[in-house]
Amino acid sequence: MPELKICGVNDAEFAREAVRLGADYIGMIFAADSPRRVDVETACEIARHAGGAKLAGVFTTSDAGEIASIAQRAALDVVQLHGKYGACDVKALKAHAFEVWRLDDGEGSLGEDATIVDGRDGEKCGGTGRVADWTRIKQLKAEKRKVVLAGGIGRDNIEAAVATGADIVDVNSSLESQPGVKSVGKLVRFMTAFNAAKQNLNHTERQTHGKQSK
C-alpha cells in the first residue's frame, strides 16, 4: 500500500490534524515563488506539531549547502529537489543523512532515494495541480526505483492513483480553499477516500492472490 504525503503545509495546526488522520509525510515548500512557501521559523513550528510523520522540504533554486543548512535547522528527514540539480548535489545531501527525492527528468537515476513523477506546466516543475504522466510509473518501477506520485491528485482520482503502484502518493492543491490555504474539511473528506481506496486495493490483491494460489 502506498504511503501518503501532504505537501504545501504552512500551518502547524493543519500539520497536527494531517498527522492525526494518518499522513506519513508532511511536506513544506521553501521555493521563494510559491504561495505555500514557509520560512525556517515556521517550518520549525510545524515540525514541533508533526510528531509521528516524516518531514520533507521542497527546494527549487537553493544550492546544496543552503539546502543542508535549512534542512538541519528544520529537522527535515527528506529533501525534494525540483530544480536543476546534479549527481554532486544528491551525493552532498545524502552525505548529511537526508533522504533525497528528485523530480523525474526522463533520464537515469543520479543516486536519489526516490523519483518524483509530477505534473508540469511549461517551465514549472511540480506544484501545478496538473495530473502527471502516470504511464511513467511502470517504467520506473521496472527499474527498481522508488516512486513518488504527485500532481493533480484528489478525491476524484485517488483510487486510480493508489492502484498505479507508486510507493508514495503526494497531495497538495486539492486540499486547499485557495492557493496556500489548506482546508481541514477537504482533508477529512480526502482521507476517507484515500482509506477506502487502500481497502479496495487490498481486497483486489487478496482476490488475485487467492486465484493464483488455487
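This report describes a predicted model of one protein chain, moving from the overall fold to a helix and then to two single residues.

## Overall shape

The chain holds seven helices and 12 strands. Its radius of gyration is 17 Å, close to the 17 Å that the globule rule gives for 214 residues, so the chain is as compact as a globular protein of that length. Measured out along its principal axes, the C-alpha trace spans about 55 × 40 × 35 Å.

Of the 214 residues, 46% count as buried, and among the contacts with a separation of 6 or more, 51% are made by residues 24 or more positions apart.

## Surface and charge

The accessible surface of the chain comes to about 10500 Å², and carbon and sulfur atoms account for 47% of that area. The chain carries 29 positive and 30 negative side chains, and the centres of these two sets lie 5 Å apart.

## Helix H3 and its surroundings

Helix H3 covers residues 64–73, and within this helix Ala-64, Ile-67, Ala-68, Ile-70 and Ala-71 are buried. An α-helix has 3.6 residues a turn, so residues three or four places apart point the same way. The cover over the buried residues of H3 includes two helices, H2 (40–49) and H4 (87–95), together with two strands, S3 (54–59) and S4 (78–81).

Both ends of the helix have a feature that can be located in the model. At the N-terminal end, Asp-63 acts as a cap, with a side-chain oxygen 3.2 Å from the backbone nitrogen of Gly-65, while just after H3 the residue Ala-75 takes a positive phi of about 60°.

## Glu-3 in strand S1

Glu-3 lies in strand S1, which runs over residues 3–6, and with a relative accessibility of 31% this residue counts as partly exposed. Although Glu-3 and Asp-24 are 21 residues apart along the chain, their C-alpha atoms are separated by 6.1 Å. Leaving aside residues up to four places away in sequence, Glu-3 touches Asp-24 and Tyr-25, and also Asp-167, Ile-168 and Val-169.

## Ser-34 in a loop

Ser-34 is found in the loop between strand S2 (25–29) and helix H2. Its relative accessible area is 17%, and because the cut-off for a buried residue is under 20%, Ser-34 counts as buried. From this position the side chain of Ser-34 reaches the backbone nitrogen of Arg-36 at 3.0 Å.

Technical notes. Residues numbered from 1 in each chain as written. Predicted model: local features only at pLDDT ≥ 70, side-chain atom pairs only at ≥ 80, totals over all residues. Heavy atoms only, no water. Helix = DSSP H or I, 4+ residues; strand = E, 2+ residues; numbered from the N terminus. Rg over C-alpha atoms; globule rule 2.2 N^0.38 Å. Buried < 20%, exposed > 50% of the residue type's maximum accessible area, 1.4 Å probe, protein only. Contact = heavy atoms within 4.5 Å. Areas by Shrake-Rupley, 256 points an atom, 1.4 Å probe, with all protein chains shown as cover. Lys, Arg positive; Asp, Glu negative; His and termini not counted. Charge placed at Lys NZ, Arg CZ, Asp CG, Glu CD. Polar contact = N/O pair within 3.5 Å; in protein donor to acceptor, adjacent residues only side chain to side chain.
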